[in-house]
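Student: I am new to this structure and would love a close look at one part of it. Could you walk me through the enclosed spaces inside and the charged pairs around them?

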Amino acid sequence: MDYRLIDKIHHFLRETDFDAVLVSRLDSFLGEYYPPYHDRLKKITGGFSGSAGLVLISLDEAVLFVDSRYTEQAKIQSDSRFRVFEVPTETTPSQWIKDHFKEKIIGFNARTHSYAWVSYLRSFWSAEDIQLKPVSDAFWEDLFGQETFLQTDIFDYDLRYAGETSESKKERVALFLKDNNLDGFVISSPENISWLLNKRSQTTPEYPVIFQRGVIFKDGSFQFLSDLDYSVLKGLRIGMDLKQSPYDLYEKIAQNTVIQDQKDPIDLLKAVKNPIEIDNIKRATFSESRTICRFLAWIEQEKLTITEYDCTLKLKELRQEDPLYFADSFETIAASGPHASRAHYQADPENASLIRDYPLLLVDTGGHYLNGTTDMTRTICIKEPTELMKKRYTQVLKGHIALASARIKIGESTGVLDQKAHAFLRADHVDYLHATGHGIGMMLAVHEMPPIIHEKDTEGLKAGMVFSNEPAYYSETDGFGIRLENMLLSVLDKDNEMRLENLLFIPFDPRLVCFDLLNEAEKTWLNLYHKEIINSIFPALEAKEQEVLKRLTDAFLIQ
C-alpha cells in the first residue's frame, strides 16, 4: 500500500463531509488497457496488477473488490491491510457498501466511472440515504497525477486489412442514426473510434487504439470531441452509450443537448467481420498456429531447464519472425503448478518457477498482427500428472469440443453454448466462474464485446463473429489450473443456423486425456482436428519440430 496516497485520502476525508472514496482500475476511457503510469489500483493497493477491480478507502476500511479471476492474486499482491472480496460469490461493491455505509457520503472520480454505473448505484442506495458524489479533478490529480495521452504514433490501418473504407463505415453509422431519429452519436470507446476511422496507434501496443472520443452526425460527418464546440449540439437529439461514457462527459454534453441512452451501434458493426477481415484473420491464425506448434516442440525439448518467464520470451521471439507481427495482444500467462490456479498469473524473472517442478504448465497467449489478433491457451503435461488432473483436463476438453461442435441460430443467446462447455464439470459438482468466451477484435482489443459466451448473454451471435472457446478448471486446494482455448468463427450454414469454425490448429495433450471418458463423436472430432494440424501446419514446421509433435498428434488419430 502506498501510505502517502492513503494519508492524502484520510486527510481529505477528515477535512470534508465525505466518508469514503472509491478508486477504480479504469482510466478516463473506461478501458482495460492503458499506459502503465495510470495504474491507480496497483499504486494504491501496493501491487495488485489485475485488469479489473475496485477499491474503497475510508478512515477505518481498505477494501478491494475483484472477480474470480483475481481473488488469489489480489490476496497475494495487495497490502495485508486490504480486505479482499470476490465478486459476486462473496458480495458485490454495491451490496457491501449498502450494508456498511448507511447515511454516508461516498466520493468517486467522475472521469473513471460510467454514467450508467453511477445512476445504478444512486438508485440502489436510495433507501439507505447513501450519497454518491463526484470529487474534484484536483483531488485525483494530486493523488495520481494528470492523465494525458500524448500520441504521436498514430497510423492509417491499411484497407487491405480493414476491408472497408472509413467513409463507408460512416455511412452505415449515419443510416443507423436516421433510422433511430438521432441527429448524432457520441462515440466514447477509443476502439470504436479507431475502427470507424481506420486508424491505429503504438501508444499502448496491447491496445493499439487512438485515445480519442468523437461525434458522428446523421449526415456522416465526424468531429473529435477535443475539437468540438459543445454549443453546436444545442437542441439536437444525441445518442450516447451511457455504459461506455464517463459521468463527467455526460454532464458536459447534457448541458447543451437532449441525450438518448443508446447502445453504440459500432459495437455490433465491428464485431461482424467482413470477408476481407475474415480472410486476413485466417492468415493470422495460421501464423499463430505455426508459432504455438513450434513453441510446444521447444517446450518438449527444453522443459528440464526453462522457467515460466523463459516461455514468455520464447513466444515473443517466435512471433517476431512474422513480418506482420505488431505486438503481443496481452501479457503472456505462463503458469506452472499452483500459479495456474490464478487465472491471470504473470511471471517475471524474480518469481518465475522452473516448469519441471510441476506436472502441468498453462500457457495463455496471443498476438496482434497487422492482419488479425489472436488468443489461445493450452495446458501442457510436463511430468506425470495425477489422476485428478487427467480427469479435469478431459472434462474441460469435452466441454471445449461440445461448444466447438455446436450449432446455434442467429441471434440465439450464447447461453446454450455456455451450458455445453460447463456440462461435464458441473456433472461432477465442480465449475469455473468466468465467461466461456469473448469476442476478439481486429488489431484492436483482444477482449471485444459483443459477443460473449455466457449464460446471461442477451445479444446472441451473428455470422462473421470471431470469439474464444475457453472452458477451464482451477483449484487452489489441489494446486493446479487447466484452460483450453481456441478461436472460433460463426459461419452461416443453412436457413438461420450457424456452425462454428475452428481458426487455430494446435495439438491438445494426449498425456492428460482419459480416453475412456470420450465418446465416439469426441474421438472423431479430435481425430479430424489433429489430421488438420498434420496436413496444414506440419508442412510449415522444421523436420525436428514435426517429429516431436507427432508424438502428440498421433495419439488422437483413429486407426
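Tutor: Here is a tour of the cavities, a pocket and some salt bridges. Please keep in mind that this is a predicted model.

Let us begin with the enclosed spaces. The structure holds two cavities of 30 Å³ or more. The second largest cavity has about 50 Å³ of space. Its lining is made up of L296, E300, R378, T379, I380, Y393, P507, F508, D509 and L552. Strand β19 gives the largest share of this lining, with three residues. Helix α12 (275-302) and strand β19 (376-381) each supply at least two of the lining residues. Sorted by class, the lining of the second largest cavity has six nonpolar residues, one polar and three charged.

One of these lining residues, E300, is worth following further. E300 forms a salt bridge with R511, and the closest N and O atoms of the two are 2.9 Å apart. This pair links distant parts of the chain: E300 sits in helix α12, while R511 is in the loop between β27 (497-502) and α16 (520-537), 211 residues apart. Are the two partners buried or exposed? E300 has a relative accessible area of 17%, under the 20% limit, so E300 counts as buried. R511, at 28% relative accessibility, counts as partly exposed.

Helix α12 takes part in another pair as well. R294 forms a salt bridge with E321, the closest N and O atoms being 2.8 Å apart. E321 lies in the loop between α13 (308-319) and β14 (325-328) and R294 in helix α12, so this pair ties together parts that are 27 residues apart in sequence. Here R294 is buried, at 12% relative accessibility, whereas E321 is partly exposed, at 46%.

What lets such pairs form in the first place? Side chains of opposite charge can pair when their charged atoms come close. How many salt bridges does the structure hold? There are 41 of them. Among them is the one between E164 and R172, whose closest N and O atoms are 2.8 Å apart. E164 is buried, with a relative accessible area of 12%, and R172 is partly exposed, at 36%.

Now for the largest cavity, which has about 90 Å³ of space. Its lining consists of R40, N109, R111, D137, W140, E141, F144, G145, Q146 and E147. Helix α6 (residues 137-144) gives the most to this lining, with four residues. By class, the lining of the largest cavity divides into two nonpolar, three polar and five charged residues.

From E147, one of the residues lining the largest cavity, we can step over to an open space, the second largest pocket. About 510 Å³ of space lies in the second largest pocket. Of the 17 residues that line this pocket, the closest to its centre are S28, F29, E147, R213 and K252. E147 therefore appears in the lining of the largest cavity and in that of the second largest pocket. Helix α10 (residues 247-254) provides the largest share of the pocket lining, three residues. The lining of the second largest pocket has seven nonpolar, four polar and six charged residues.

To retrace the route, start at E300, which lines the second largest cavity and pairs with R511. Then look at R294 and its partner E321, and finish at E147, among the residues closest to the centre of the second largest pocket.

Notes:
Residues numbered from 1 in each chain as written. Predicted model: local features only at pLDDT ≥ 70, side-chain atom pairs only at ≥ 80, totals over all residues. Heavy atoms only, no water. 1 Å grid on protein atoms, 1.4 Å probe; cavity = no way out; pocket = protein on both sides within 12 Å on 5 of 7 lines; lining within 4 Å. Points joined across faces, edges and corners; volume = space filled by probe spheres on them. Nonpolar A, V, L, I, M, F, W, Y, C, P; charged D, E, K, R; others polar. Salt bridge = Lys/Arg side-chain N within 4 Å of Asp/Glu carboxyl O. Buried < 20%, exposed > 50% of the residue type's maximum accessible area, 1.4 Å probe, protein only.
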